[in-house]
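Open the model in your viewer and keep the sequence panel beside it. We will go from stop to stop, selecting a few residues each time and seeing what is there.

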Amino acid sequence: MIVSNNSSFPFDKIAAAAPSPTWVQLYPKEQLEANRTYLEDAQQAGRKAVVVTVDQQASVYERALA
């Protein structure tokens, strides 16, 4: 199961209910520290993999650079 980046439940509650290992989705943020904090929380909760989603964020960064 891949836990959505926008999940309304914290990692620990999902982990307690999941019957198998879970992965976490990451929509990269422009602020690197926010990404780091999110990924550290996921790792501490035992997430086994990170699925990076890049389709939506690309357009935001392209507009900012234009």
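Start by selecting V52, which sits in strand β3, a run covering residues 50–52. Is V52 buried, exposed or partly exposed? With a relative accessible area of 47%, V52 is partly exposed, because that class lies between the 20% limit for buried and the 50% limit for exposed. Now add V50 and V54 to your selection: together with V52 they make a nonpolar surface patch of about 250 Å². Please bear in mind throughout the tour that this is a predicted model.

Next, show the cartoon and look for the sheet. It is an open sheet of 3 strands, in the order β1-β2-β3, and the pairing is parallel. β1 and β3 stand at the edges with a single partner strand each, so one side of each has no neighbour in the sheet. In general, the strands of a sheet pair through backbone hydrogen bonds, in a parallel or an antiparallel way. Zoom in on β1 and β2, which pair in the parallel sense over 2 bridges. Which residue of β2 is the bridge partner of V3? Select V24 and you have found this partner.

Stay in β2 and click on L26, which belongs to this strand. L26 is buried, since its relative accessible area is 7% and the limit for buried is under 20%. What touches L26, once neighbours within four places in sequence are left aside? Its contacts are N5, N35, Y38, L39, V50, V51, V52 and T53, so V52 from our opening stop turns up again. You can also draw a distance from the C-alpha atom of L26 to that of V54: the two are 28 residues apart along the chain, and the separation is 8.7 Å.

L26 also leads to the next stop, the largest nonpolar core. Select its 5 residues: F11, V24, L26, Y38 and A42. Two elements give two or more residues to this core, namely β2 (23–26) and α2. Click on A42 and show its surroundings: not counting residues up to four places away in sequence, A42 touches F11, V24 and R47.

Now move along helix α2, residues 32–44, and select R36 and E33, which both lie in it. They are 3 residues apart, about one turn of the helix. Their side chains meet in a salt bridge, with 2.7 Å from N to O. The count for the model comes to 1 salt bridge. Both partners are partly exposed: R36 has a relative accessible area of 43%, and E33 has 48%.

For one more stop, select P10, in the loop between β1 (2–3) and α1 (11–17). P10 counts as partly exposed, at 39% relative accessibility. Draw a distance from its C-alpha atom to that of D41: they are 31 residues apart along the chain and separated by 9.6 Å.

Finally, zoom out to the whole protein. How many helices and strands are there? The secondary structure comes to 3 helices and 3 strands, and along the sequence they follow the pattern β-α-β-α-β-α. Of the 66 residues, 21% count as buried. Switch on the surface to see the rest of the picture: the protein exposes about 4900 Å², and carbon and sulfur atoms supply 56% of that.

Note on methods
Residues numbered from 1 in each chain as written. Predicted model: local features only at pLDDT ≥ 70, side-chain atom pairs only at ≥ 80, totals over all residues. Heavy atoms only, no water. Salt bridge = Lys/Arg side-chain N within 4 Å of Asp/Glu carboxyl O. Helix = DSSP H or I, 4+ residues; strand = E, 2+ residues; numbered from the N terminus. Buried < 20%, exposed > 50% of the residue type's maximum accessible area, 1.4 Å probe, protein only. Patch = residues over 30% accessible without salt bridge, like charges linked within 9 Å, V, L, I, M, F, W, Y side chains within 5 Å. Areas by Shrake-Rupley, 256 points an atom, 1.4 Å probe, with all protein chains shown as cover. Core = buried A, V, L, I, M, F, W, Y, C linked by side-chain atoms within 4.5 Å. Contact = heavy atoms within 4.5 Å. Pairing = 2+ DSSP bridges.
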